[in-house]
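Reader: I'm new to this, so could you walk me through a structure?

Author: Sure, have a look and then ask away.

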Amino acid sequence: MAKNCLEYINELNDYLDGEIDSSLCAEIEAHIGECNNCRIMVDTMRQTVKLCREGKEEKLPESLEKKLNNLLKARWDKKFGKKS
Ligand SMILES: [Zn+2]
């Protein structure tokens with residue numbers, strides 16, 4: 001008997017924790033392969049789980065952050081004054 005999306009979603013929590021037997025895991029992965037809704041759900045959940053586990057926000061590398069700040073500052077100056 002085929003399961004519906006809701007049943008799969010209930011199992012996805014276990015799936016993401018890796019606490020699931022391999023046949024069920026294969027079944028879920030097959031469903032995700034052909035169901036756009038569930039695929040999006042998994043991606044979202046994976047992302048959330050990852051962020052929760054790491055317990056921190058993604059941080060930009062310092063060099064990149066500096067570059068970004070300079071870029072923003074340059075634009076700001078150009079837009080709001082510093083007439084030379
Ligand atoms: Zn589905």
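Reader: How far apart should the ends of helix α3 be?

Author: First, this is a predicted model, where local features need pLDDT of at least 70 and side-chain atom pairs count only at pLDDT 80 or more, while totals for chains, interfaces and linings use all residues. Residues are numbered from 1 along each chain as its sequence is written. Helix α3 covers residues 36-54, which is 19 residues, and the expected span is 1.5 Å times one less than the number of residues. The end C-alpha atoms of α3 agree with that, because they sit 27 Å apart and the expected span is 27 Å.

Reader: How many residues of α3 are buried?

Author: Buried means 20 or more other C-beta atoms within 10 Å of a residue's own, exposed means 12 or fewer, and partly exposed is in between, with C-beta atoms placed from the backbone. By that count α3 is hardly covered, and among its 19 residues the number buried is one.

Reader: Is Arg 46 buried, exposed or partly exposed?

Author: Arg 46 lies in helix α3. Arg 46 has 13 C-beta neighbours inside 10 Å, so it counts as partly exposed.

Reader: Which residues make up the largest nonpolar core?

Author: A nonpolar core is a set of buried Ala, Val, Leu, Ile, Met, Phe, Trp, Tyr and Cys residues joined through C-beta atoms within 7 Å. The largest one has five residues: Tyr 8, Leu 12, Tyr 15, Ile 28 and Val 42.

Reader: Which helix gives the largest share of this core?

Author: Helices here are DSSP runs (H or I, at least four residues), numbered from the N terminus. Three residues of the core come from one helix, and that is α1.

Notes: Helices (H or I, at least four residues) and strands (E, at least two) are DSSP runs, numbered from the N terminus.
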